[in-house]
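Colleague: I am new to this structure and should like to understand the terms applied to it. May I put some questions to you once it is in view?

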Amino acid sequence: MDHDSDARFEGILSAIEHEGQVSVADLSTRFGVSAVTIRKDLEALERRSLLRRVRGGARGSAPQEEGSFADRLGRSVAAKKAIARRAAELVSHGDVIALDSSTSAFFLALEILDRRDLVVVTNSLRTATVLSEDSDATVILLGGTVRRTSSSTVGELSDVLVGRGSLSTAFVGLSTLSVERGLLELTLAEAEPKRALVAAARRVVALFDSTKADGFGLHSFLPADRVDCLISDVGFPQDHRERWQERGVEVALCEATARSERTPVRPARAG
(Lines give C-alpha, C1' and ligand atoms only; values in the text may rest on other atoms or scores of the structure.)
Protein backbone atom coordinates (compact mmCIF):
# COMPACT_ATOMS: atom_id res chain seq x y z
CA MET A 1 0.00 0.00 0.00
CA ASP A 2 1.46 3.36 -1.01
CA HIS A 3 1.30 6.56 1.01
CA ASP A 4 -1.48 8.12 -1.11
CA SER A 5 -3.77 5.11 -0.84
CA ASP A 6 -3.05 4.80 2.88
CA ALA A 7 -4.09 8.44 3.37
CA ARG A 8 -7.26 7.87 1.34
CA PHE A 9 -8.10 4.75 3.34
CA GLU A 10 -7.88 6.72 6.58
CA GLY A 11 -9.93 9.54 5.08
CA ILE A 12 -12.62 7.15 3.87
CA LEU A 13 -12.88 5.38 7.23
CA SER A 14 -12.96 8.72 9.06
CA ALA A 15 -15.75 9.98 6.79
CA ILE A 16 -17.80 6.84 7.38
CA GLU A 17 -17.23 7.06 11.14
CA HIS A 18 -18.59 10.64 11.17
CA GLU A 19 -21.18 10.50 8.39
CA GLY A 20 -22.35 6.88 8.48
CA GLN A 21 -22.41 6.49 4.69
CA VAL A 22 -20.39 7.98 1.82
CA SER A 23 -20.76 8.02 -1.95
CA VAL A 24 -18.20 7.20 -4.62
CA ALA A 25 -18.87 10.55 -6.31
CA ASP A 26 -18.27 12.53 -3.12
CA LEU A 27 -15.09 10.61 -2.26
CA SER A 28 -13.80 11.05 -5.81
CA THR A 29 -14.23 14.82 -5.51
CA ARG A 30 -12.88 14.93 -1.96
CA PHE A 31 -9.64 13.12 -2.78
CA GLY A 32 -9.21 14.30 -6.35
CA VAL A 33 -9.04 10.82 -7.86
CA SER A 34 -11.20 8.88 -10.30
CA ALA A 35 -14.31 6.95 -9.37
CA VAL A 36 -12.51 3.79 -10.48
CA THR A 37 -9.76 4.43 -7.91
CA ILE A 38 -12.32 5.01 -5.16
CA ARG A 39 -14.17 1.80 -6.03
CA LYS A 40 -10.88 -0.11 -5.78
CA ASP A 41 -10.24 1.51 -2.39
CA LEU A 42 -13.69 0.50 -1.15
CA GLU A 43 -13.19 -3.03 -2.42
CA ALA A 44 -9.87 -3.30 -0.57
CA LEU A 45 -11.37 -1.94 2.66
CA GLU A 46 -14.38 -4.25 2.40
CA ARG A 47 -12.08 -7.27 2.03
CA ARG A 48 -10.56 -6.26 5.35
CA SER A 49 -14.02 -5.98 6.96
CA LEU A 50 -13.52 -2.25 7.60
CA LEU A 51 -16.66 -1.15 5.71
CA ARG A 52 -19.60 -2.52 3.75
CA ARG A 53 -20.13 -1.51 0.14
CA VAL A 54 -23.60 -0.37 -0.88
CA ARG A 55 -24.98 0.87 -4.19
CA GLY A 56 -23.04 4.01 -5.13
CA GLY A 57 -20.81 4.05 -2.07
CA ALA A 58 -20.14 2.44 1.31
CA ARG A 59 -21.17 2.45 4.95
CA GLY A 60 -19.77 1.11 8.20
CA SER A 61 -19.55 -2.63 8.79
CA ALA A 62 -22.92 -3.81 9.99
CA PRO A 63 -22.87 -4.67 13.70
CA GLN A 64 -23.39 -8.38 14.18
CA GLU A 65 -23.63 -10.49 17.29
CA GLU A 66 -22.47 -8.61 20.39
CA GLY A 67 -18.76 -9.17 20.81
CA SER A 68 -18.26 -10.36 17.24
CA PHE A 69 -15.11 -9.41 15.35
CA ALA A 70 -17.03 -7.13 12.96
CA ASP A 71 -18.72 -5.39 15.88
CA ARG A 72 -15.47 -4.85 17.77
CA LEU A 73 -13.68 -3.72 14.62
CA GLY A 74 -15.86 -0.63 14.48
CA ARG A 75 -15.15 0.50 18.04
CA SER A 76 -12.44 3.04 18.97
CA VAL A 77 -11.11 2.94 15.42
CA ALA A 78 -8.96 6.09 15.62
CA ALA A 79 -7.31 4.92 18.84
CA LYS A 80 -6.66 1.42 17.50
CA LYS A 81 -5.12 2.75 14.30
CA ALA A 82 -2.81 5.05 16.28
CA ILE A 83 -1.84 2.15 18.55
CA ALA A 84 -1.16 -0.04 15.52
CA ARG A 85 1.08 2.59 13.92
CA ARG A 86 3.10 2.82 17.13
CA ALA A 87 3.36 -0.95 17.43
CA ALA A 88 4.47 -1.24 13.79
CA GLU A 89 7.66 0.62 14.74
CA LEU A 90 8.66 -2.55 16.62
CA VAL A 91 8.41 -4.79 13.55
CA SER A 92 11.37 -5.09 11.18
CA HIS A 93 11.90 -6.99 7.95
CA GLY A 94 12.49 -10.68 8.62
CA ASP A 95 11.00 -10.76 12.14
CA VAL A 96 9.19 -13.77 13.53
CA ILE A 97 6.17 -12.45 15.43
CA ALA A 98 2.82 -13.48 16.87
CA LEU A 99 -0.47 -11.64 16.40
CA ASP A 100 -3.48 -12.76 18.38
CA SER A 101 -7.13 -12.54 17.31
CA SER A 102 -7.76 -9.05 18.72
CA THR A 103 -8.87 -6.22 16.46
CA SER A 104 -5.88 -4.19 17.66
CA ALA A 105 -3.57 -6.89 16.28
CA PHE A 106 -5.58 -6.91 13.04
CA PHE A 107 -5.00 -3.16 12.63
CA LEU A 108 -1.30 -3.82 13.28
CA ALA A 109 -1.32 -6.42 10.49
CA LEU A 110 -2.57 -3.73 8.12
CA GLU A 111 0.33 -1.48 9.13
CA ILE A 112 3.05 -4.06 8.38
CA LEU A 113 1.98 -5.33 4.98
CA ASP A 114 5.13 -3.79 3.48
CA ARG A 115 7.52 -5.64 5.80
CA ARG A 116 9.50 -8.23 3.88
CA ASP A 117 10.11 -11.85 4.88
CA LEU A 118 8.00 -11.82 8.02
CA VAL A 119 6.94 -15.03 9.72
CA VAL A 120 3.64 -14.47 11.52
CA VAL A 121 2.02 -16.94 13.90
CA THR A 122 -1.63 -16.16 14.56
CA ASN A 123 -4.95 -17.65 15.61
CA SER A 124 -6.92 -14.98 13.73
CA LEU A 125 -8.58 -16.03 10.48
CA ARG A 126 -8.94 -12.38 9.39
CA THR A 127 -5.31 -11.53 10.11
CA ALA A 128 -4.09 -14.69 8.36
CA THR A 129 -6.19 -13.82 5.30
CA VAL A 130 -5.08 -10.22 4.92
CA LEU A 131 -1.40 -11.07 5.39
CA SER A 132 -1.62 -13.97 2.95
CA GLU A 133 -3.35 -11.88 0.28
CA ASP A 134 -1.57 -8.54 0.65
CA SER A 135 1.98 -9.28 1.87
CA ASP A 136 4.77 -11.79 1.32
CA ALA A 137 4.68 -12.95 4.95
CA THR A 138 4.83 -16.63 5.82
CA VAL A 139 1.66 -17.12 7.86
CA ILE A 140 1.26 -19.93 10.39
CA LEU A 141 -2.32 -20.37 11.58
CA LEU A 142 -2.72 -22.14 14.90
CA GLY A 143 -5.09 -25.08 14.94
CA GLY A 144 -8.06 -25.45 17.23
CA THR A 145 -11.80 -24.97 17.12
CA VAL A 146 -13.03 -22.19 14.84
CA ARG A 147 -14.97 -19.58 16.78
CA ARG A 148 -17.12 -17.77 14.26
CA THR A 149 -17.91 -14.68 16.34
CA SER A 150 -14.23 -13.82 16.83
CA SER A 151 -13.07 -15.25 13.46
CA SER A 152 -10.37 -17.17 15.30
CA THR A 153 -9.23 -20.58 16.40
CA VAL A 154 -9.56 -21.21 20.13
CA GLY A 155 -9.03 -23.95 22.67
CA GLU A 156 -6.18 -25.73 24.44
CA LEU A 157 -3.01 -24.97 22.49
CA SER A 158 -0.49 -24.78 25.32
CA ASP A 159 2.23 -26.96 23.76
CA VAL A 160 1.71 -26.31 20.06
CA LEU A 161 4.79 -24.05 19.75
CA VAL A 162 7.05 -25.85 22.21
CA GLY A 163 10.34 -26.90 20.66
CA ARG A 164 9.81 -24.92 17.45
CA GLY A 165 12.02 -21.95 18.29
CA SER A 166 11.12 -18.57 19.72
CA LEU A 167 9.18 -15.60 18.47
CA SER A 168 10.78 -12.17 18.72
CA THR A 169 7.58 -10.43 19.84
CA ALA A 170 3.99 -11.39 20.61
CA PHE A 171 1.43 -8.62 20.11
CA VAL A 172 -1.75 -9.33 22.05
CA GLY A 173 -5.01 -7.66 22.88
CA LEU A 174 -6.95 -8.17 26.10
CA SER A 175 -10.26 -7.74 27.91
CA THR A 176 -8.64 -5.88 30.77
CA LEU A 177 -5.40 -5.69 32.76
CA SER A 178 -4.12 -5.16 36.29
CA VAL A 179 -0.76 -5.28 38.01
CA GLU A 180 -2.20 -7.92 40.36
CA ARG A 181 -3.53 -10.30 37.69
CA GLY A 182 -1.60 -9.27 34.60
CA LEU A 183 -3.33 -9.49 31.22
CA LEU A 184 -6.79 -11.05 31.25
CA GLU A 185 -9.47 -12.40 28.92
CA LEU A 186 -13.11 -12.95 29.69
CA THR A 187 -13.28 -16.56 28.48
CA LEU A 188 -10.87 -19.45 28.86
CA ALA A 189 -11.27 -20.26 25.16
CA GLU A 190 -9.82 -16.85 24.23
CA ALA A 191 -7.13 -16.99 26.93
CA GLU A 192 -5.64 -20.35 25.91
CA PRO A 193 -4.30 -19.36 22.45
CA LYS A 194 -2.80 -16.19 23.93
CA ARG A 195 -0.99 -18.28 26.54
CA ALA A 196 0.56 -20.36 23.78
CA LEU A 197 1.66 -17.27 21.84
CA VAL A 198 3.19 -15.38 24.76
CA ALA A 199 4.91 -18.49 26.12
CA ALA A 200 6.91 -18.76 22.89
CA ALA A 201 7.84 -15.06 22.70
CA ARG A 202 10.92 -13.26 23.98
CA ARG A 203 8.99 -10.00 24.24
CA VAL A 204 5.29 -9.36 24.86
CA VAL A 205 3.57 -6.15 23.82
CA ALA A 206 -0.04 -5.54 24.85
CA LEU A 207 -2.20 -3.47 22.48
CA PHE A 208 -5.44 -2.00 23.80
CA ASP A 209 -7.54 1.15 23.75
CA SER A 210 -7.97 2.94 27.06
CA THR A 211 -11.54 1.70 27.62
CA LYS A 212 -10.03 -1.68 28.51
CA ALA A 213 -8.62 -0.16 31.73
CA ASP A 214 -12.17 -0.40 33.11
CA GLY A 215 -12.92 -3.74 31.48
CA PHE A 216 -13.47 -7.12 33.11
CA GLY A 217 -11.63 -10.41 32.76
CA LEU A 218 -11.67 -13.79 34.47
CA HIS A 219 -8.69 -15.63 33.03
CA SER A 220 -5.13 -14.32 33.25
CA PHE A 221 -2.98 -15.35 30.30
CA LEU A 222 0.20 -13.50 31.32
CA PRO A 223 1.41 -12.23 34.72
CA ALA A 224 2.45 -8.59 35.03
CA ASP A 225 6.14 -9.43 35.46
CA ARG A 226 6.19 -11.01 31.97
CA VAL A 227 4.81 -7.95 30.19
CA ASP A 228 7.43 -5.85 28.39
CA CYS A 229 5.39 -3.01 26.95
CA LEU A 230 1.86 -1.59 26.98
CA ILE A 231 0.68 0.48 24.02
CA SER A 232 -2.56 2.36 24.50
CA ASP A 233 -4.07 5.78 23.82
CA VAL A 234 -3.79 8.94 25.92
CA GLY A 235 -7.03 8.11 27.73
CA PHE A 236 -5.24 5.37 29.72
CA PRO A 237 -5.51 6.62 33.34
CA GLN A 238 -2.38 8.19 34.81
CA ASP A 239 -2.54 6.13 38.01
CA HIS A 240 -2.70 2.89 36.00
CA ARG A 241 0.25 4.02 33.92
CA GLU A 242 2.34 4.81 36.99
CA ARG A 243 1.59 1.45 38.63
CA TRP A 244 2.76 -0.43 35.53
CA GLN A 245 5.85 1.71 35.18
CA GLU A 246 6.71 1.02 38.80
CA ARG A 247 6.76 -2.67 37.83
CA GLY A 248 9.34 -1.88 35.14
CA VAL A 249 6.90 -2.09 32.23
CA GLU A 250 7.28 0.40 29.39
CA VAL A 251 4.07 2.32 28.70
CA ALA A 252 3.59 4.12 25.38
CA LEU A 253 0.50 6.28 24.90
CA CYS A 254 -0.68 7.46 21.48
CA GLU A 255 -2.58 10.55 20.46
CA ALA A 256 -5.21 9.30 18.05
CA THR A 257 -5.40 12.54 16.08
CA ALA A 258 -1.68 13.29 15.82
CA ARG A 259 -0.21 10.86 13.34
CA SER A 260 2.99 12.84 12.69
CA GLU A 261 3.97 13.46 16.30
CA ARG A 262 5.00 10.16 17.82
CA THR A 263 7.53 9.31 20.49
CA PRO A 264 9.52 6.31 19.23
CA VAL A 265 9.25 3.08 21.17
CA ARG A 266 12.45 1.18 21.74
CA PRO A 267 12.92 -1.71 19.30
CA ALA A 268 12.52 -5.26 20.51
CA ARG A 269 15.51 -6.62 22.35
CA ALA A 270 17.58 -9.28 20.63
CA GLY A 271 17.20 -12.78 21.98
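Colleague: Why is Phe216 called exposed or buried, whichever applies?

Modeller: Phe216 has a relative accessible area of 55%. Buried means under 20% relative accessible area, exposed over 50%, and partly exposed in between, with a 1.4 Å probe and protein chains only. Because 55% is over 50%, Phe216 is called exposed. Phe216 lies in the loop between β12 (204-207) and β13 (219-222).

Colleague: On what basis are such values given?

Modeller: This is a predicted model, in which local features need pLDDT of at least 70, side-chain atom pairs count only at pLDDT 80 or more, and totals for chains, interfaces and linings use all residues. Residues are numbered from 1 along each chain as its sequence is written, and side-chain values use heavy atoms, with hydrogens and water left out.

Colleague: Which residues make the nonpolar surface patch of about 330 Å²?

Modeller: The patch is made by Leu186, Phe216 and Leu218. Patches are made of residues with over 30% relative accessible area and no salt bridge; like charges are joined within 9 Å, and nonpolar side chains (Val, Leu, Ile, Met, Phe, Trp, Tyr) within 5 Å. The areas come from the Shrake-Rupley method with a 1.4 Å probe, and for residues only the protein chains shown count as cover. For the protein chain, about 12600 Å² is exposed, and carbon and sulfur atoms supply 47% of it.

Colleague: What makes Asp41 and Arg8 a salt bridge?

Modeller: A salt bridge is a side-chain nitrogen of Lys or Arg within 4 Å of a carboxyl oxygen of Asp or Glu. The closest N and O atoms of Asp41 and Arg8 are 2.6 Å apart, so the pair meets the 4 Å rule. This pair links distant parts of the chain, since Asp41 is in helix α3 (residues 35-47) and Arg8 in helix α1 (residues 3-19), 33 residues apart. Helices (H or I, at least four residues) and strands (E, at least two) are DSSP runs, numbered from the N terminus.

Colleague: Why are Asp41 and Arg8 called buried or exposed?

Modeller: Asp41 has 5% relative accessibility and Arg8 has a relative accessible area of 13%. Both values are under 20%, so Asp41 and Arg8 count as buried.

Colleague: How many salt bridges does the rule give?

Modeller: The count comes to eight. One of them joins Lys194 and Asp100, at 2.3 Å from N to O. Lys194 is in helix α8 (residues 188-199) and Asp100 in the loop between β4 (96-99) and α6 (103-111), 94 residues apart. Lys194 and Asp100 are both buried, and with Glu185 they are linked in a network of salt bridges. Another pair is Glu250 and Arg203, with the closest N and O atoms 3.6 Å apart.

Colleague: What makes a set of residues a nonpolar core?

Modeller: A nonpolar core is a set of buried Ala, Val, Leu, Ile, Met, Phe, Trp, Tyr and Cys residues joined through side-chain atoms within 4.5 Å. The largest such core has 45 residues, and Leu42, Leu99, Leu108, Phe171, Leu207 and Ile231 touch the most other members. A second, separate core of 29 residues includes Leu177, Leu222, Phe236 and Val249.

Colleague: How do you know whether Ile112 is buried or exposed?

Modeller: The relative accessible area of Ile112 is 0%, which is under 20%, and therefore Ile112 is buried. Ile112 is placed in the loop between α6 and β5 (119-122). Contact means heavy atoms within 4.5 Å, and, leaving aside neighbours within four places in sequence, Ile112 is in contact with Ala88, Val91, Ile97 and Leu118.

Colleague: Why is Val227 called buried or exposed?

Modeller: At 6% relative accessible area, Val227 falls under 20% and is therefore buried. Val227 is found in the loop between β13 and β14 (229-233). Leaving aside neighbours within four places in sequence, Val227 is in contact with Leu183, Val204, Leu222, Trp244 and Val249.

Colleague: How does the span of helix α5 stand against the expected one?

Modeller: Helix α5 (residues 77-88) has twelve residues and reaches 16 Å from its first C-alpha to its last. The expected span is 1.5 Å times one less than the number of residues; for α5, 16 Å is expected, and the helix is close to that. Eleven of the twelve residues of α5 are buried, which leaves the helix mostly covered.
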